[in-house]
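Hi everyone, and thanks for making the time. Today I'd like to walk you through a structure that may be new to you. Please have a look at the screen.

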Amino acid sequence: MPVKQYTDDIETDSNVIPDSQINYDDAITYWSSVPPSVDGVLGGFGEQTPVPKVDIVGSLTFLRKLSSRMNSGDQLKYTIDMGAGIGRITRDLLWKVSDKVDLLEPVRPFVEQMPVELQQVELSGKLGQIYDIGMQEWVPDKKYWLIWCQWCVGQLPDDVLVEFWKTCRSALIDNGTIIVKENIAPIEDIFDETDSSVTRTDKKFRELFIKAGLKLIASDVQKGLPKELYPVRMYCLKAQ
């Protein structure tokens, strides 16, 4: 689920709950047909656009603002990159702020591209495990300093997402952090049949955080994205 463009041709039925239409098989089929490249995983907004660079700069700026709230003490900074695609965010950001990074991604062509994208990470000794499963299937086997969820949670229905975040919460070290970075719908949740995903409102995200037992520490809007895209918001979360 990449950055999303505004569109006037998505029809909504007020009698149908958007997240009830999500179909995992349809999503995997769609993403398996997409080129395993930055342009592919970002829905056409690849390195020929400003999106990848401003995305990473925005995320790094957000993390720097939070540095005093993310002290790990003597514990290793293990991070996991959820819905990691080809590993772009790990490659360009996460390994630089972590001691080791795991990645989770269910789309086989993306997983097969990871060794190409993550050569520097592997050479640094910071590449951890790669889980080729869906987020809803993940069973943590370690504790994490940082769990990063970007442009991926729209593939999970609300109730499944809450359970996933509960799992994430249980996998945090003391003072561990979850970052959620996602497209934001303006008025109501919107189902996109192209990749079988839901774009949620800020209000919905905040409701689901509470249901998952997560406390919102900080939030910010990504700056510098093209105006034809939905706003993208970053959330910093801790266990209640």
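I'll begin with the whole chain, then visit one helix, a few strands and some individual residues.

Before anything else, please keep in mind that this is a predicted model. The protein chain holds 8 helices and 9 strands. Its C-alpha atoms fill a box of roughly 50 × 40 × 35 Å along the principal axes. How does the radius of gyration of 17 Å sit with a compact globule of 240 residues? Such a globule would come out near 18 Å, so the chain agrees with that expectation.

What about the inside and the outside? Buried residues account for 51% of the 240 residues. The surface that the chain exposes is about 11,200 Å², and carbon and sulfur atoms supply 50% of that area. One more global number: take the contacts between residues at least 6 apart in sequence, and 74% of them join residues at least 24 apart.

Now let's turn to helix α5, residues 108–117. Which of its residues are buried? They are Phe 110, Val 111, Gln 113, Met 114 and Glu 117. Looking down the axis of α5, these buried residues fall within an arc of 165 degrees, so they line one face of the helix. As a general reminder, an α-helix has 3.6 residues a turn, so residues three or four places apart point the same way. The buried residues of α5 pack against several elements, including α1 (24–32), α4 (88–97), β2 (100–104) and β3 (127–131).

Next, the strands. Please find β9, residues 232–239, where 6 of the 8 residues are buried. Which strands pair with β9? One of them is β5, antiparallel over 6 bridges, and Ile 178 has Leu 237 in β9 as its bridge partner. Strand β8, residues 214–221, also pairs with β9 in the antiparallel sense, over 7 bridges. There, Val 221 is bridged to Arg 233 of β9.

Between β8 and β9 runs a loop, and in that loop we meet Gln 222. Is Gln 222 buried or exposed? Its relative accessibility is 7%, so Gln 222 counts as buried. The side chain of Gln 222 reaches the backbone oxygen of Val 54 at 2.8 Å, and it makes a polar contact with the side chain of Lys 181 at 2.7 Å. Leaving aside residues up to four places away in sequence, Gln 222 touches a set of residues, among them Asp 55, Gly 58, Ser 59 and Met 234.

Two residues deserve a look for their backbone angles. Asn 175, in strand β5 (residues 172–183), has a positive phi of about 70 degrees although it is not a glycine. Ser 196 is not a glycine either, and its phi is positive at about 55 degrees; you'll find Ser 196 in the loop between β6 (190–192) and β7 (197–199). How exposed are they? Asn 175 is partly exposed, with a relative accessible area of 38%, whereas Ser 196 is buried at 2%.

Our last stop is Cys 152, in the loop between β4 (144–150) and α7 (158–170). With 3% relative accessibility, Cys 152 counts as buried. How far is Cys 152 from Gly 85? In sequence they are 67 residues apart, and in space their C-alpha atoms are 9.1 Å apart.

That's my tour, so thanks for listening!

Technical notes
Residues are numbered from 1 along each chain as its sequence is written. This is a predicted model: local features need pLDDT of at least 70, side-chain atom pairs count only at pLDDT 80 or more; totals for chains, interfaces and linings use all residues. Side-chain values use heavy atoms; hydrogens and water are left out. Helices (H or I, at least four residues) and strands (E, at least two) are DSSP runs, numbered from the N terminus. Buried means under 20% relative accessible area, exposed over 50%, partly exposed in between (1.4 Å probe, protein chains only). Two strands pair if DSSP finds at least two bridges between them. The arc is that of the directions from the helix axis to the C-beta atoms. Contact means heavy atoms within 4.5 Å. The radius of gyration is taken over C-alpha atoms; the globule rule is 2.2 Å times the number of residues to the power 0.38. Accessible areas come from the Shrake-Rupley method with a 1.4 Å probe; for residues, only the protein chains shown count as cover. A polar contact is a pair of N or O atoms within 3.5 Å; within protein, one must be able to donate a hydrogen and the other to accept it, and residues adjacent in sequence count only if both atoms are side-chain atoms.
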